[in-house]
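I opened a fresh notebook page for this chain. My plan was to look up the empty spaces, then the cores, then a few helices and strands.

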Amino acid sequence: MSGLVLESVSAEPKQAAASHHQPPNFIVIFCDNLGYGDIEPFGSTVNRTPCLNRMAREGRKFTHFCVTAGVCTPSRASIMTGCYSQRVGMHWNPRDGQVLRPISPYGLHPDEITVAEILKDKGYKTGMIGKWHLGDQPPFLPTAQGFEYFYGIPYSDDMTQAVGKRLGERFEGNQWPPLPVMLNDKVIEAGVDRNLLTKQYTEKAVEFIEQNQDQPFFLYFPQAMPGSTQKPFSSEAFRGKSKNGPWGDSIEELDWSTGQILDKLVELGIDQNTLVIWTSDNGSPMARNMASTERGTNNPLHGRGYTTAEGAFRVPTIMWWPKTIPAGTVCEELTTTMDLLPTFAHLSKAKVPTDRIIDGHDIRPLMVGKAGAKTPYDVFYYYAMDQLQAVRKGPWKLFLPLKNFSRHPHFKKGESSKPLLFNVVTDISSEHNVAEQHPEIVKELMILAEKGRADLGDTNRPGANQRKPGKIENPLPPTLETTSRN
């Protein structure tokens, strides 16, 4: 398969020489809470995204690209490890719930092998700029998980000292520090101006690319925006300029940021040796009035972020690699963030770990538009924390009957639930329950659900192949003072 990818790279001598003598660079732009319908290539009519329009025109849209959770931490665990978050113990913990909070004793276990570690071992320069959210203590920071360079915030933009004070003893909020900006393992700024995050991150990303243009590099760029607040942040150049309030302002700045990255790659002559993937960590939360776009939209998919709805798990995704990924094309096969680790490993001629289960797959055939290429997934699971709520196989998504749940995109508490079966290819908004018309498909997916429970667990039922998260004693708040002691 590597021949399939590299044979299609041919351009000016500098580009061609780079492709023969240097493995491809990887850039992953991972937005926060940005919905399926929030950008023009995926149907937005309110947010202007000319740079993403260009990226889609020159690259390939993935319309069935899924994350593994409707919320931040577990989704990010999957992109790093190539595994379901339930596999690596990052789906829930008794102190924080479904996402890590500041000063948590938990984090991604140091024994897990990240995509950054795999690429670093192959000689890649590895950098991360943006929001981490896989542990704010030293053993869990990006610099302990394969990244040689880290600039950004260790958790969500809404986890500020002011919010912590309002929470009080809940999540130990009264101990939360000012939102820190970190350089590697040190806090360099306490109480960041969130309006400047996208601008500053973009400047740092461009610098990283410039500094490493002559060697293979991996840049993980998890943007902080649109983020988790009611009103996202943006710099003065974008604030108040969109047709969609603060949410639109932040998205239009994210679009600008993407353009800066693509333009820099072209300027340096390394665009044809660089794979850029643009996506989001989960769908948008959406406003109370779901017809509104003021907190994003997942339309035409069903449901909000933070759930197991299709609108939470399916995210807008564009892949761009001039002369390798066919321009102006669309992939409608199921792929996921778990696939990045094995795909990057194969493209860099690194080895995928064989001493543990990796749930993702090599999706190079789908990326390059190989004729007849199909999804590598026999089954895909939708979990809400430790509860299995839905199963997908092919076009079919089955919501399992449940007696109890904390949150559900279709069922209401106190009411009995029956299996819900949707064809998520032809019924994109999940409006037509066809369970009674297809009992054989319901039966097949129920059997697959039981296999998932045995492997990855379910409520009050540990899975046979789950691994533990990292945990330390006596965590300290990440502050200027505490990190200076390291």
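**Entry 1: empty space**

How many cavities of 30 Å³ or more does the count come to? I noted first that I was working with a predicted model. The count comes to one cavity of 30 Å³ or more. I looked up the volume of the largest cavity and wrote down about 70 Å³. Its lining is made by Thr73, Gly89, Met90, His91, Trp92, Asn93, Gly97, Gln98, Val99, Leu100, Tyr106 and Pro469.

Next I turned to the pockets. The largest pocket holds about 470 Å³ of space. I found 20 residues lining this pocket, and Val99, Arg101, Asp158, Met159 and Ser228 lie nearest its centre. Val99 therefore went into my notes twice, because it is in the lining of the largest cavity and also in that of the largest pocket, by a rule that asks for an atom within 4 Å of a grid point. Helix α6, residues 161-167, gives the most to the pocket lining, with three residues.

**Entry 2: helix α4**

Thr73 from the cavity lining led me to helix α4. Is α4 mostly covered or mostly open? I found α4, residues 72-81, mostly covered, with ten of its ten residues buried. Arg76 and Ser78 are among them, as are Ile79 and Met80. I then looked for what these buried residues pack against, and listed β1 (25-32), α5 (115-121), β5 (125-131), β9 (217-226) and α10 (340-347). Just after the helix, Gly82 takes a positive phi of about 75°.

**Entry 3: the nonpolar cores**

Which residues touch the most other members of the largest nonpolar core? This core has 49 residues, and I wrote down Ile27, Ile129, Ile209, Leu219 and Leu265. Elements giving two or more residues to this core include β1, β9, α7 (197-211) and α8 (245-268). Helix α8 gives the most, with seven residues.

I picked Leu219 for a closer look. Leaving aside neighbours within four places in sequence, Leu219 is in contact with Phe26, Ile27, Val28, Gly127, Ile129, Ala205, Phe208 and Ile209. A second, separate core has 48 residues, including Phe26, Phe62, Met128 and Phe150. I noted that Phe26 is listed in this second core, although Phe26 is also one of the contacts of Leu219.

**Entry 4: two buried polar residues and helix α3**

I looked up Lys264, which has its place in helix α8. Is Lys264 buried or exposed? Lys264 has a relative accessible area of 10%; buried means under 20%, so Lys264 counts as buried. Beyond its neighbours within four places in sequence, Lys264 is in contact with Val206, Ile209 and Glu210.

Ser284 lies in the loop between β10 and α9 (310-313). Ser284 is buried, with a relative accessible area of 0%. Not counting residues up to four places away in sequence, I listed what Ser284 touches, including Asn33, Asp38, Trp247, Arg295 and Arg304.

In α3, I found Leu52, Arg54, Met55 and Ala56 buried. What covers the buried residues of α3 includes β2 (60-62), α8, β10 and β11.

**Entry 5: a hairpin**

I moved on to strands β7 (residues 180-183) and β8 (residues 186-190), which run antiparallel and are joined by four bridges. Val181 has Glu189 in β8 as its bridge partner. Two residues lie between the strands of this hairpin, where Asn184 takes a positive phi near 60°.

**Entry 6: a four-strand sheet**

In what order do the strands of the open sheet of four strands stand? I read the order as β14-β15-β16-β17, with antiparallel pairing. β14 (380-384) and β17 (420-423) stand at the edges with a single partner strand each, so one side of each has no neighbour in the sheet. On average, neighbouring strands of this sheet are turned by 20° against each other, direction ignored.

I then followed β14 to its partner. β14 and β15 (residues 387-393) pair over five bridges in the antiparallel sense, and Tyr383 stands opposite Leu388 in β15. Helix α12, residues 439-456, packs on the sheet and touches β14, β15, β16 (396-399) and β17. The direction of α12 makes about 130° with that of β15.

Technical notes
Residues are numbered from 1 along each chain as its sequence is written. This is a predicted model: local features need pLDDT of at least 70, side-chain atom pairs count only at pLDDT 80 or more; totals for chains, interfaces and linings use all residues. Side-chain values use heavy atoms; hydrogens and water are left out. Two strands pair if DSSP finds at least two bridges between them. Axes are lines fitted to C-alpha atoms, for helices over the stretch in contact, and angles run from 0 to 180 degrees between N-to-C directions. Contact means heavy atoms within 4.5 Å. Buried means under 20% relative accessible area, exposed over 50%, partly exposed in between (1.4 Å probe, protein chains only). A nonpolar core is a set of buried Ala, Val, Leu, Ile, Met, Phe, Trp, Tyr and Cys residues joined through side-chain atoms within 4.5 Å. On a 1 Å grid over the protein atoms alone, a cavity is a set of points where a 1.4 Å probe fits but cannot get out, and a pocket is an open set with protein on both sides within 12 Å along at least five of seven lines; lining residues have an atom within 4 Å of a point. Grid points are joined across faces, edges and corners, and a volume is the space filled by probe spheres set on the points.
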